[in-house]
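Okay, thanks everyone, let's get going. I'll put the structure up, and then we'll talk about side chains on the surface.

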Amino acid sequence: MASLFSKLSAFARSPQGRRITEQIKHAARDPHTRAKAQEMLRKLRSKRHGR
């Protein structure tokens with residue numbers, strides 16, 4: 001498992017990882033995107049409890 005974490009942390013430090021991190025941060029600040037994400041989480045949670 002440490003290997004997976006090492007690979008993820010190395011990717012996060014790479015230029016591509018930093019770019020993706022910035023895109024995610026920007027999307028998280030957008031109210032419309034945040035509302036869509038919350039709606040998806042709500043749907044996932046309701047499906048899980050509906051078994």
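So, start with Ile20, which comes out partly exposed, at a relative accessible area of 32%. Keep in mind that this is a predicted model. Ile20 sits in helix H2, which covers residues 15-29. And which residues does Ile20 join in a nonpolar patch on the surface? Those are Phe11 and Ile24, and together the three have about 260 Å² of accessible area. Ile20 can be in there because patch members need over 30% relative accessible area, and Ile20 has 32%.

Okay, on to charges. How many salt bridges does a search of the whole structure find? Two.

Let's take Glu22 and Lys25, whose closest N and O atoms are 4.0 Å apart. Both are in helix H2, three residues apart, so about one helical turn separates them. As for accessibility, Glu22 is partly exposed at 45% relative accessible area, and Lys25 is also partly exposed, at 44%.

Then there's the salt bridge between the side chains of Arg42 and Glu39, with an N to O distance of 2.5 Å. That pair lies in helix H3, residues 31-49, and again we have three residues of spacing, about one turn of the helix. Arg42 counts as partly exposed at 48% relative accessibility, and Glu39 counts as partly exposed too, at 32%.

So, to recap: a nonpolar surface patch made of Phe11, Ile20 and Ile24, a salt bridge from Glu22 to Lys25, and another one between Arg42 and Glu39. That's what I had, over to you.

How values were computed: Residues numbered from 1 in each chain as written. Predicted model: local features only at pLDDT ≥ 70, side-chain atom pairs only at ≥ 80, totals over all residues. Heavy atoms only, no water. Patch = residues over 30% accessible without salt bridge, like charges linked within 9 Å, V, L, I, M, F, W, Y side chains within 5 Å. Areas by Shrake-Rupley, 256 points an atom, 1.4 Å probe, with all protein chains shown as cover. Helix = DSSP H or I, 4+ residues; strand = E, 2+ residues; numbered from the N terminus. Buried < 20%, exposed > 50% of the residue type's maximum accessible area, 1.4 Å probe, protein only.
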